[in-house]
Amino acid sequence: MKSPYPTATIFDETINYWQEIAEARPTDKQVNFVKEKIEGSGLVLDLGCGNGRHTIPLSKAGYDIIGLDVSKRLLQAAKQKATAAGTKVTLVRADMRCLPFSAETFTSVISLDTSFGYFPSRDDAQRTLGEIDRTLSGNGVLLLDVFNREHIVKHHTKRLTSTLQPILSRLLIYSPFLAGMFKWREFPSFCMQQHRSVMENGLKLRDIWIFREKRTGKLLFAQHVVWLYSYRDLESELWKAGFQNLDVFGNYEGVDYGEDTDRLIVISHKK
């Protein structure tokens, strides 16, 4: 099955790198945040579950949870991680814009670490939220965690334009001297450069990644684009989709949301 939206294929193409990037994310904090905010009763959907780094520990903590993702290779990795962890989780490959579940299947839906927003069209957000609303039971809960658009725009609009960023990134691959002038982030088996730019008047974020394998020196160029949302954006989208009673946080420690917090985490209830 070919990915229904091209930007999602980045995680199939970079699976070996992405596994190590994901391991460096604050997964424990994210899981603990879910435990504090979402009750363990009923069936939970982890939307955009990736390699299962949230699904599996929540399952081990007693949550009845299903993981859904569009990436075949990430789901394969999730299955392997679950086996290694000694737990069984149900994993489903599907497009979040068209969920393969009956109405009112779940008591809660979670989507963590900007798994939401890899859509061809901005209208797809409303389509996806409508599907979440359809599959949630009465007064069901949605926990949605994305980049804070206000923070991203503030910190990245003064860098190279979105037109020049990919040109420079391509040049870095063919010029070791030029590449050496930029900072590389180290992971166990590779080094990575990330070049971030804001597009379309702050509506999209583009990340350009350059990977260099430590053992072989091999270089790989990849990029992905995700839609950005402000609190007002999400509030409007959620209200139109049938959600209410929004609680909003700025990080996984539960601090209040503000324009300069790096996360936008919204918890809302089905009307």
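**Figure 1. The whole protein, before we zoom in.** Of the 271 residues of the protein, 55% count as buried. Keep in mind that this is a predicted model. Its secondary structure comes to 10 helices and 11 strands. If you look at contacts between residues at least 6 apart in sequence, 67% of them join residues at least 24 apart. The accessible surface is about 12800 Å², and 50% of that belongs to carbon and sulfur atoms.

**Figure 2. An open sheet of 7 strands.** Read across the sheet and you get the order β3-β2-β1-β4-β5-β11-β10, with mixed pairing. Which strands stand at the edges? They are β3 (90–93) and β10 (243–249), and each has a single partner strand, so one side of each is left without a neighbour in the sheet. On average, neighbouring strands here are turned by 20 degrees against each other, ignoring direction.

**Figure 3. Close-up of β10, β11 and the helix that packs there.** β10 pairs with β11 (residues 263–270) in the antiparallel sense, over 5 bridges. One spot to look for is V248, which stands opposite V266 in β11. Helix α10 (residues 231–241) packs on the sheet and touches β5 (136–147), β10 and β11. The direction of α10 makes about 155 degrees with that of β10.

**Figure 4. A salt bridge within helix α10: E235 and R232.** The closest N and O atoms of this pair are 2.8 Å apart. E235 and R232 are 3 residues apart in the helix, so about one helical turn separates them. E235 counts as partly exposed, at 29% relative accessibility, while R232 is exposed at 58%.

**Figure 5. K81 and E23, a salt bridge between two helices.** Side chains of opposite charge can pair when their charged atoms come close. For K81 and E23, the closest N and O atoms are 3.3 Å apart. The pair links distant parts of the chain, with K81 in helix α5 (residues 72–85) and E23 in helix α2 (residues 15–23), 58 residues apart. K81 is partly exposed, with a relative accessible area of 27%, and E23 is exposed, at 53%.

**Figure 6. D207 and R196, a salt bridge between two strands.** Here the N to O distance is 2.6 Å. D207 sits in strand β8 (residues 204–213) and R196 in strand β7 (residues 190–199), 11 residues apart. Are these two buried or exposed? D207 is buried, with a relative accessible area of 3%, and R196 is buried too, at 13%. Elsewhere, R25, R53, D113, D145 and R263 are linked in a network of salt bridges. The salt bridge count comes to 16.

**Figure 7. Inside the largest nonpolar core.** In soluble globular proteins, nonpolar side chains tend to be buried together. This core has 30 residues, and those with the most contacts inside it are L45, L68, F116 and I132. Several elements each supply at least two of its residues: β1 (43–47), β2 (64–69), β4 (106–111), α6 (124–135), β5, α10 and β11. What does I132 touch, leaving aside neighbours within four places in sequence? I132 is in contact with L47, L99, V109, L142 and F243. Apart from this core lies another one, of 21 residues, among them I21, F147, F190 and W209.

**Figure 8. Helix α2 and what its buried side meets.** The buried residues of α2 are I15, Y17, W18, E20, I21 and A22. They pack against a whole list of elements: α1 (10–13), α3 (27–37), α5, β7, β8 and β9 (219–227). You have already met I21, which belongs to the core of 21 residues.

**Figure 9. H54 in its loop.** H54 lies in the loop between β1 and α4 (55–60). Despite the loop setting, H54 is buried, with a relative accessible area of 5%. Which residues does H54 touch, not counting those up to four places away in sequence? They are T27, Q30, V31, D46 and L112. Also worth finding is S111, which is 57 residues from H54 in sequence and 9.7 Å away in space, C-alpha to C-alpha.

Definitions and conventions:
Residues numbered from 1 in each chain as written. Predicted model: local features only at pLDDT ≥ 70, side-chain atom pairs only at ≥ 80, totals over all residues. Heavy atoms only, no water. Pairing = 2+ DSSP bridges. Helix = DSSP H or I, 4+ residues; strand = E, 2+ residues; numbered from the N terminus. Axes fitted to C-alpha atoms, helices over the stretch in contact; angles between N-to-C directions. Contact = heavy atoms within 4.5 Å. Salt bridge = Lys/Arg side-chain N within 4 Å of Asp/Glu carboxyl O. Buried < 20%, exposed > 50% of the residue type's maximum accessible area, 1.4 Å probe, protein only. Core = buried A, V, L, I, M, F, W, Y, C linked by side-chain atoms within 4.5 Å. Areas by Shrake-Rupley, 256 points an atom, 1.4 Å probe, with all protein chains shown as cover.
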